[in-house]
Every structure is written in C-alpha cells, then in structure tokens.
Amino acid sequence: MDATQSAKHPVTMLAGPYGHPFHPILVPVPIGAWVTSLVFDLGSRIIDKPGFLTQGSEWLIAIGIVGALAAALFGFLDLLAIPTGTRAFSTGLIHMSLNLAVTVAYAGNFLWRHGSYAAQGRVAVGPLVLSAVSLVVLGASGYLGGKLAYRYGVRVADEHTQAEGFATGAPVDAGPTPGMLTKTEPSRPRSSDLHRKRESS
C-alpha cells in the first residue's frame, strides 16, 4: 500500500471506519460553541441586562473545550495514518498544533472569565479580544484541515469507492426474467394488414 492509500485507512477502528472518520463529526462542536460564545460576548456589550449572555458565553467556551479535546483525540489517530516525512504529515502536525494552542487559549479564557465574573456584568474587552483572536487562528487551522481532506485525501475513500455514489439510477430493464409469467394483451391488427385484406376480397 502506497503513502496515499495508507493515509486513507484508519490505524484503528476507534478512529472511524474506512471512508467515514469520526474526527470531522466532532469538529463542529467546538467551532459552533466558540463562534456562538463570541456572538454572546458582542451581545453583552449592547443590551442593558447582559448577565445571561455573559454566563452563557462562559459555559459555551467550556463546552467547546470538551468538544475540542474529543476531536483532537480522533484527529491524532488520523495523523498516525499519514506517513511521516510527507507534506501531508507536516500539514497535519501544524493543524493539530494550532488546534491545541486554541484549546489552551480558550481554557485560559474560561479561567479568566470565571475568576472575574460579575453578576449581570458585560464581558470585559480582554476576554472578548482573546476569543476573537482564537477564532482567527482556528480558522487558519480549519483551512489546513480542509487541505488535508480535500487536497491530500487523508481519510477520504479512494475514487473507486466514491464511484459507487455516482452510479446512475435503477438498472435498465432487459425484459422479463426467464420463467416469469407475464400478462399479454391480444395483438391488434395493423392498418396495413386490414388494407391488404380488402384488396384481396
């Protein structure tokens, strides 16, 4: 098996079956939680009683951290499937490092907020800026993750397997199956046959 094919197969079934890895299933959890957290942060700077947004943002960050750690575990298993020394492996290594850095930043952000949380208060500028910068870095990491999947084909099924999804509809009807009883209609005389009968008579 060459390097390209080895990167398509899981090193263990814990990473997900061939053609259906678990890592991309979990990735939307931290992304969605952290993006929504930033929206809550901005909202807390606008409305008069922002306490529920401030506290909601804090716990969304916590949910994102748990989701990121779970995604990182399965992502590490996928990284092990890539042969070392390749461009794909170095891209995967940078992708993983950026994700871990973002997760650590959000963990610090959570502790920062938790230690200075004021009831009914809006989110401070410092934690808000840290969240915004963290999302920018997460976006760069996501770009590399997309490059791994859509350009290098890591954990993506080969083209022969993909072709199964593009087979055209139902098979062409080749006529009745041998031995099958079919209902036949009485044949109708053609106009040309009727014409011949009139001439002969």
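Buried means under 20% relative accessible area, exposed means over 50%, and partly exposed lies in between (1.4 Å probe, protein chains only). Y106, at 0% relative accessibility, counts as buried.

This is a predicted model: local features need pLDDT of at least 70, side-chain atom pairs count only at pLDDT 80 or more, and totals for chains, interfaces and linings use all residues. Residues are numbered from 1 along each chain as its sequence is written, and side-chain values use heavy atoms, with hydrogens and water left out.

## Confidence

pLDDT is the predictor's confidence in each residue, from 0 to 100. The protein chain averages 86. A score of at least 70 is reached by 81% of the residues. Residues 172-187 have a pLDDT below 50. Beyond near neighbours in sequence, that stretch has one contact in the model (contact means heavy atoms within 4.5 Å). Where pLDDT is low, the predicted coordinates should not be read in detail.

## Overall build

The protein chain has eight helices and zero strands. Both are DSSP runs, numbered from the N terminus: helices are H or I with at least four residues, strands are E with at least two. The pattern along the sequence is α-α-α-α-α-α-α-α.

Of the 201 residues, 31% count as buried. The accessible surface of the protein chain comes to about 13100 Å². Carbon and sulfur atoms account for 66% of that surface. These areas come from the Shrake-Rupley method with a 1.4 Å probe; for residues, only the protein chains shown count as cover.

Among contacts between residues at least 6 apart in sequence, 76% join residues at least 24 apart. One sequence-distant approach involves A3, in helix 1. The C-alpha atoms of A3 and A88 are separated by 9.9 Å, with their positions 85 residues apart along the chain. A3 is partly exposed, at 40% relative accessibility.

Helix 6 can be checked for length. Its expected span is 1.5 Å times one less than its number of residues. For the 26 residues of helix 6 that gives 38 Å, and the end C-alpha atoms are 37 Å apart, which agrees. Buried positions in helix 6 include P127, L128, S131, S134 and L135. L138, S141, L144, G145 and L148 are also buried there.

## Side-chain pairs

Rings of Phe, Tyr and Trp (its six-membered ring) pair if their centres lie within 6.5 Å; planes under 30 degrees apart count as stacked, over 60 as edge-to-face and the rest as tilted. The count comes to three aromatic pairs. One of them is F22 with F74, an edge-to-face pair. F22 lies in the loop between helix 1 (3-6) and helix 2 (23-26), and F74 in helix 4 (residues 51-80), so the pair ties together parts 52 residues apart in sequence. F22 is partly exposed, at 29% relative accessible area.

W34 and Y106 form another pair, which is stacked because the ring planes are at 10°. W34 sits in helix 3 (residues 28-44) and Y106 in helix 5 (residues 87-116), 72 residues apart. W34 is buried, at 1% relative accessible area.

A salt bridge is a side-chain nitrogen of Lys or Arg within 4 Å of a carboxyl oxygen of Asp or Glu. The structure holds two. D41 in helix 3 and R113 in helix 5 are 72 residues apart. D41 is buried at 0%, and R113 is buried at 7%. The other bridge joins R155 and D78. R155 lies in the loop between helix 6 (125-150) and helix 7 (159-162), D78 in helix 4, 77 residues apart. Both R155 and D78 are buried.

| Pair | Type | Distance |
|---|---|---|
| F22 and F74 | edge-to-face, 90° between planes | 5.8 Å, centre to centre |
| W34 and Y106 | stacked, planes at 10° | 4.1 Å, centre to centre |
| D41 and R113 | salt bridge | 2.7 Å, N to O |
| R155 and D78 | salt bridge | 2.9 Å, closest N and O atoms |

## Two residues to inspect

R155 has a positive phi of about 60°, although it is not a glycine. Its relative accessibility is 3%, so R155 counts as buried.

T103 lies in helix 5. At 8% relative accessibility, T103 counts as buried. Leaving aside neighbours within four places in sequence, T103 is in contact with W34, I65, A68 and L69.
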